[in-house]
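Hi everyone, thanks for coming. Let's walk through one structure together, so have a look at the screen.

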Amino acid sequence: MVRLIGALVGLGFIVVLVVSFITGAGTVVRDGLPHPPEAKFHKEPKHISLSTDGPFGKFDRQQLQRGFQVYKEVCAACHGINLVAFRNLAELGYEEPEIKAIADQWAIEVPDVNPDTGEPATRKAIPSDRFPDPYANEIAARAANNNASPPDLSLITKARHHGPEYVYSLLTGYQKPPANLPPELRPGQGLHYNPYFPNLNLAMPPPITADGQVTYADGTNPTVSQMAKDVTAFLVWTAEPNLESRHRTGIAVLLFLLFATVLAYLAYQNIWHSGRDRKVRMTGPLDPENQAKSDAARRDEGIAG
């Protein structure tokens, strides 16, 4: 009796699940998937081409230095790159004296402890230090940014879908809200409309506002698009500084696997290939010709068998 009741209950659950699935599938077919109202105005990231694209991609050191300059002069006031140390700038082509000067002149000092009093203090950065956060903690960050905490940018191009394209589009996508934008989606006080941001409105004001905001030492024309692209390339490096090494390793592994595949195929052909087309030649005592000669020799000698 208990088994019968358990079977009926299980059957009831199955019936409910099947009915729910059919009902939900019918709703999706009839009305389509549900979309939030902001999805109508949200835009997919713009496509950009970087030197790191593809399996043979490499960093453009000159572009990385320009991107670091944009970060230093525009982004560093609000966003940190806490996973990067000053000495890592050597990978961008900076010499040791330059790195020491950059660390010493960095606007934000490194948190430390006064050795004489044991009280919290700050000091000038040295090459072994990581880039310090612009705010003491999240509470201070929110207090200075309309209750929004600026994210650390070390891994931002890995943390966002279509990371490089997302960062570039966000930096260049600020605009006035369209006339048909519903009132509930319009930016409130302290917010800014950007169709490349998931909910359309974000607290960060446009960081790159005009051409020439940064003066490049190499003479590159500092347009808004160029500055956004350069800092995006720099953030690709902060997220994956070993990208070139990974590409080289991947190519070497593919070549090795190709070579190993050829060797395995040749071994298969030589050892494990089907024997249907092979002709086994009897040799030695089992050779019919040798057996006939042996029989004839025994007969001549009068040996039986």
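Let's start with a quick one: in which helix does Leu4 lie? Leu4 is part of helix H1, which covers residues 2–31. And before I go on, please keep in mind that this is a predicted model.

Staying with Leu4, it helps make up a nonpolar surface patch of about 940 Å². Its partners there include Met1, Ile5, Leu8, Phe13 and Val19.

Okay, on to the cysteines. How many disulfides do we count? Zero. A disulfide is a covalent bond between the sulfur atoms of two cysteines. To be counted here, the two sulfurs have to be within 2.5 Å. Now take Cys75: the closest cysteine sulfur belongs to Cys78 and is 8.8 Å away, so that's too far for a bond. Looking from the other side, Cys78 has Cys75 as its closest cysteine sulfur, again at 8.8 Å. As for their surroundings, Cys75 is buried, at 10% relative accessibility, while Cys78 is partly exposed, at 28%.

Next up, salt bridges, and there are ten of them. One I like is between Asp218 and Arg66, where the closest N and O atoms are 3.0 Å apart. This pair ties together distant parts of the chain, 152 residues apart: Arg66 is in helix H2, and Asp218 is in the loop between strand E4 and helix H7. Arg66 is buried, with 10% relative accessibility, whereas Asp218 is partly exposed at 32%.

Arg66 has something else going on, too. Its charged end sits over the ring of Tyr216, 5.7 Å from the ring's centre.

Other salt bridges stay inside a single helix. Arg142 and Glu138 are both in helix H4, four residues apart, or about one turn, and their closest N and O atoms are 2.9 Å apart. Both are partly exposed, Arg142 at 31% and Glu138 at 46%.

Then there's Arg298 with Asp295, at 2.3 Å from N to O. What separates these two along helix H9? They are three residues apart, so about one helical turn lies between them. Arg298 is partly exposed at 28%, and so is Asp295 at 33%. Salt bridges can share partners as well: Arg66, Asp218 and Asp230 are joined into one network that way.

Last stop, the aromatics. We count ten aromatic pairs. There's also an aromatic cluster, formed by Phe68, Tyr71, Phe86, Tyr94, Trp106, Phe131, Phe234 and Trp237. Try finding those rings on the screen. That's it from me, thanks!

Terms used: Residues numbered from 1 in each chain as written. Predicted model: local features only at pLDDT ≥ 70, side-chain atom pairs only at ≥ 80, totals over all residues. Heavy atoms only, no water. Phe/Tyr/Trp six-rings, centres within 6.5 Å; stacked < 30°, edge-to-face > 60°. Lys NZ or Arg CZ within 6 Å of the ring centre and 35° of its normal. Patch = residues over 30% accessible without salt bridge, like charges linked within 9 Å, V, L, I, M, F, W, Y side chains within 5 Å. Areas by Shrake-Rupley, 256 points an atom, 1.4 Å probe, with all protein chains shown as cover. Salt bridge = Lys/Arg side-chain N within 4 Å of Asp/Glu carboxyl O. Buried < 20%, exposed > 50% of the residue type's maximum accessible area, 1.4 Å probe, protein only.
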